[in-house]
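Let's take a walk through this fold together. Have the sequence and the 3D view open, and follow along as we go.

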Amino acid sequence: MRLRNITGCREMIGESEFVVHEPETMKGKWREAFGNDHPVYVEIGMGKGRFLMDMARLYPEINFIGIEKYSSVLLRAVQKLEEEELPNVRLIRMDAEDLENVFAQGELDRIYLNFSDPWPKDRHAKRRLESRQFLARYDQILKKDGTIEFKTDNRALFDFALEEVEAAGWTLNEKTFDLHADARLNEGNVMTEYEERFSAQGNPICKYIISR
Ligand code: SAM
């Protein structure tokens, strides 16, 4: 998802106190940034930030960081946050390939991957956020019993993600091919923008939860 360039986008993002502009300087100090000792959950590829903000409202005792590659998309989340100030949210514009420069070993308690870009060509497999290359990055920054939660309506991407979990030696704690029909796993589910759109079209939503 990439929105067209919006004039003044970088300036608006630059002025927001919710955006961390030099995230590398916070490596190992994210709890200080929030001024508390609460767990830190990150959503990678958060888009316009609806899931992140809904979660932050529901769980004020958790610190949430949203990561998004494109300024034009991040801007939507910034605008919403300027209207409704949530003290437990911070945003970073960055490519997830650089995660290890921004988070210290074991600094994160949970990572959310919601409706990640599928990168359908085989030669682009390592760009998928669920690839073994990304799992190796998550391995560095997640704490020992930390978890990753992944949702998608793309069955091919989900099947790939399951293969990668096994290949990388992670533990599959939960798996469903139809989240909304699974009363137990769907309990407390917070829908993302893409989830709402695709489930309204009748697409089942796949989800896994993994840990080391
Ligand atoms: N998570 C949201 C949802 O479920 O509604 C948005 C899903 S959208 C399909 C995927 C988002 O991930 C896009 O906004 C895209 O720019 C972002 N993204 C893709 N690859 C990324 C990367 N390597 N680092 C950071 N963001 C990325």
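What follows begins with the sheet and then turns to the annotated positions.

Please keep in mind that this is a predicted model. A good place to begin is the open sheet, in which seven strands are arranged in the order β3-β2-β1-β4-β5-β7-β6, with mixed pairing. At its edges sit β3 (89-93) and β6 (171-176), each of which pairs on one side only. From one strand to the next, the twist averages 15°.

Now look at the β3 edge. Here β3 pairs with strand β2 (residues 63-68) in the parallel sense, over five bridges. To find this pairing in your viewer, pick isoleucine 65, whose bridge partner in β3 is arginine 90. Lying across β2 and β3 is helix α4 (residues 71-83), which runs at about 160° to β3.

Next come the annotations. An unreviewed UniProt entry lists Lys121, Asp153, Thr192, Glu193, Tyr194 and Glu195 under "binding site". These positions spread over 75 residues of sequence, and they are spread in space too, with up to 25.1 Å between C-alpha atoms.

Two of the listed glutamates make a nice pair to inspect. Glutamate 193 is in helix α9 (residues 193-200), and glutamate 195 lies in helix α9 as well. Are they buried or exposed? Glutamate 193 has 17 other C-beta atoms within 10 Å, so it is partly exposed. Glutamate 195 counts as buried because it has 23 C-beta neighbours inside 10 Å, and the cut-off for buried is 20 or more.

Leaving aside residues up to four places away in sequence, glutamate 193 touches Gly47, Lys48 and Arg50. With the same exclusion, glutamate 195 touches Phe115, Lys151 and Ile205.

Key
Residues are numbered from 1 along each chain as its sequence is written. This is a predicted model: local features need pLDDT of at least 70, side-chain atom pairs count only at pLDDT 80 or more; totals for chains, interfaces and linings use all residues. UniProt positions are given in the numbering used here, feature names are shortened, and annotations may be inferred rather than shown by experiment. Helices (H or I, at least four residues) and strands (E, at least two) are DSSP runs, numbered from the N terminus. A residue is buried if 20 or more other C-beta atoms lie within 10 Å of its own, exposed if 12 or fewer, and partly exposed in between; C-beta atoms are placed from the backbone. Two residues are in contact if their C-beta atoms, placed from the backbone, lie within 7 Å. Two strands pair if DSSP finds at least two bridges between them. Axes are lines fitted to C-alpha atoms, for helices over the stretch in contact, and angles run from 0 to 180 degrees between N-to-C directions.
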